[in-house]
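This briefing goes with the sequence and structure shown below. Please keep both in view while reading.

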Amino acid sequence: MRSIWNGAISFGLVSIPIKLVNATESHSISFRQIHTEDGGRIRYRKFCEVEDREVTSSEIGKGYEDADGTIVPITDEDLAQLPIPTAKTIEIVAFVPADRIDPLQMDQAYYLAAGGAPAAKPYTLLREALKRSNKVAIAKYALRGRERLGMLRVVGDAIAMHGLLWPDEVREPQGVAPDADVTVRDKELDLADALMDTLGEVDLEDLHDEYREAVEEVIAAKAAGEAPPESPSRPAGGKVLDLMAALENSVRAAKESRGETAPPEEEAEVRHLPRKASRAAPKATGGKKSTSTTKKAQATPRKSTSKTAEPAKKTTASTSRSTAAKKTSAAKKTTTKKSASTTKKTTQPRKRSA
């Protein structure tokens, strides 16, 4: 990898020669501007306002425009001789826990490569010290005409540096959060947690740029004189009226996409409770034929607990049966006496034989 900056890491009195290498690369597809009528390239040419002619890159330098419009020329030598220690040095100023760094400050990432054999020992020393301390190094350095803030951390066997924005370059989130006073119920949080658990984790290596792949397919089709592929139709997203239903459907869809089928009892349901709960009066057990004893049994559960309700029901049922049995009691007495005498006679010979 080609280095973009050469200098040294200042670690106290230790100096480590290093080379700065880009740690990331862009795979985005770039387009050229063309004239839509004939396909001709649109180019930007650099003209000198004084001589009114096009100039080459070797003739172009830097200049600072003053308030009155005066241009003050600034050369690379002027910037290289700035009276600051970070002109060619990454100066470590502190070691802090990694969670002290706000992710909003993260900028471009670089790899720090050891600059030759003499740098191997101090480079390894700094790397192992960062590993053992579980901290990151905060450093200041100058690059592309300005002093910057950086964070050094260990990546594998190498030291990486993330450019950091200065704290005053990060905006406060004023006016971003909703102004309305919103209350989130526990049931909604439970469904949101269930959706997060269902989606689970993902290996970042499995993610890829689908937009870039689709653009490449369109370019390949048009280059071959074919019609570009049509995008699949997607249902238009409507306004979410029921958040609970939307969360439940999301959980169900996530499980189906993973081939999981949740039992019906595990699936959350939205149930609307009635506004007023009606109290139905208990019905009489005996109906029209219930006696005065039945009325007393019905009145008793109102004052007693649930444990006394069952005896009351038994009393009501037995009273009804006794009332109905009075009509046939005379006829049954004779039959009962005959049956009893017959049973006694039959039982005695069996006992003797036994």
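The points below are grouped by topic, from the whole chain down to single residues.

The model is predicted. The protein chain has an average pLDDT of 76, and 70% of the residues score at least 70. Its secondary structure comes to 8 helices and 11 strands.

**Confidence**

- Strand β11 (residues 158–164) has the highest confidence in the protein chain, at a mean of 95, and helix α6 (residues 292–303) the lowest, at 44.
- Residues 264–273 have a pLDDT below 50, and this stretch makes 8 contacts in the model beyond near neighbours in sequence.
- Residues 330–354 also have a pLDDT below 50, but here the number of contacts beyond near neighbours in sequence is 0.

**The chain as a whole**

- Of the 354 residues in the protein chain, 17% are buried.
- Among contacts with a separation of 6 or more, 59% are between residues 24 or more positions apart.

**Nonpolar cores**

- The largest nonpolar core has 20 residues.
- Ile9, Ile18, Ile90, Leu112, Leu126, Leu152 and Met161 have the most contacts inside this core.
- At least two residues of the core come from each of β1, β2 (14–22), β7, β8 (106–114), α2, β9 (135–143) and β11.
- Strand β9 gives the largest share of the core, with 4 residues.
- Leu152 is in contact with Ile9, Ile90, Ile92, Leu112, Leu126, Leu130, Val136, Ala137, Ala139, Ile159, Ala160 and Met161, leaving aside its neighbours within four places in sequence.
- Another core, of 7 residues, lies apart from the largest one, and Val96, Ile101, Met151 and Leu164 are among its members.

**Helix α2 (residues 120–133)**

- Helix α2 has 14 residues, and the distance from its first C-alpha to its last is 20 Å, close to the 20 Å expected at 1.5 Å a residue.
- The buried residues in α2 are Pro122, Tyr123, Leu126, Arg127 and Leu130.
- These residues are on the same side of α2 because they cover an arc of only 140° around the axis.
- Lys121 and Arg132 are exposed on the other side of α2.
- Asn134, just after α2, has a positive phi of about 55°.

**Helix α3 (residues 186–199)**

- The 14 residues of α3 should span 20 Å at 1.5 Å a residue, and the end C-alpha atoms agree with this, being 20 Å apart.
- Glu188, Leu191, Leu195 and Thr198 are buried in α3.
- Their arc around the axis is only 85°, so they are on the same side of α3.
- Asp186, Met196 and Asp197 are exposed, on the face of α3 turned away from its buried side.
- The cover over the buried residues of α3 includes helix α5 (243–257).
- Gly200, just after α3, has a positive phi of about 70°.

**An aromatic pair**

- The count of aromatic pairs comes to 1.
- The rings of Phe11 and Phe95 have centres 5.8 Å apart and planes at 70°; the pair is edge-to-face because planes over 60 degrees apart count as such.
- Phe11 is in strand β1 (residues 3–11) and Phe95 in strand β7 (residues 89–97), so the pair links distant parts of the chain, 84 residues apart.
- Phe11 is partly exposed, at 22% relative accessibility, and Phe95 is also partly exposed, at 34%.

**Two buried polar side chains**

- His162 is in strand β11 and is buried, with a relative accessible area of 13%.
- Leaving aside neighbours within four places in sequence, His162 is in contact with Met106, Gln108, Ala109, Leu149, Gly150, Met151 and Arg153.
- Gln105 is in the loop between β7 and β8 and counts as buried at 14% relative accessibility.
- Not counting residues up to four places away in sequence, Gln105 touches Gly163, Leu164, Leu165, Trp166, Pro167 and Val170.

Technical notes
Residues are numbered from 1 along each chain as its sequence is written. This is a predicted model: local features need pLDDT of at least 70, side-chain atom pairs count only at pLDDT 80 or more; totals for chains, interfaces and linings use all residues. Side-chain values use heavy atoms; hydrogens and water are left out. pLDDT is the predictor's confidence in each residue, from 0 to 100. Contact means heavy atoms within 4.5 Å. The expected span of a helix is 1.5 Å times one less than its number of residues. Buried means under 20% relative accessible area, exposed over 50%, partly exposed in between (1.4 Å probe, protein chains only). The arc is that of the directions from the helix axis to the C-beta atoms. Rings of Phe, Tyr and Trp (its six-membered ring) pair if their centres lie within 6.5 Å; planes under 30 degrees apart count as stacked, over 60 as edge-to-face and the rest as tilted. A nonpolar core is a set of buried Ala, Val, Leu, Ile, Met, Phe, Trp, Tyr and Cys residues joined through side-chain atoms within 4.5 Å.
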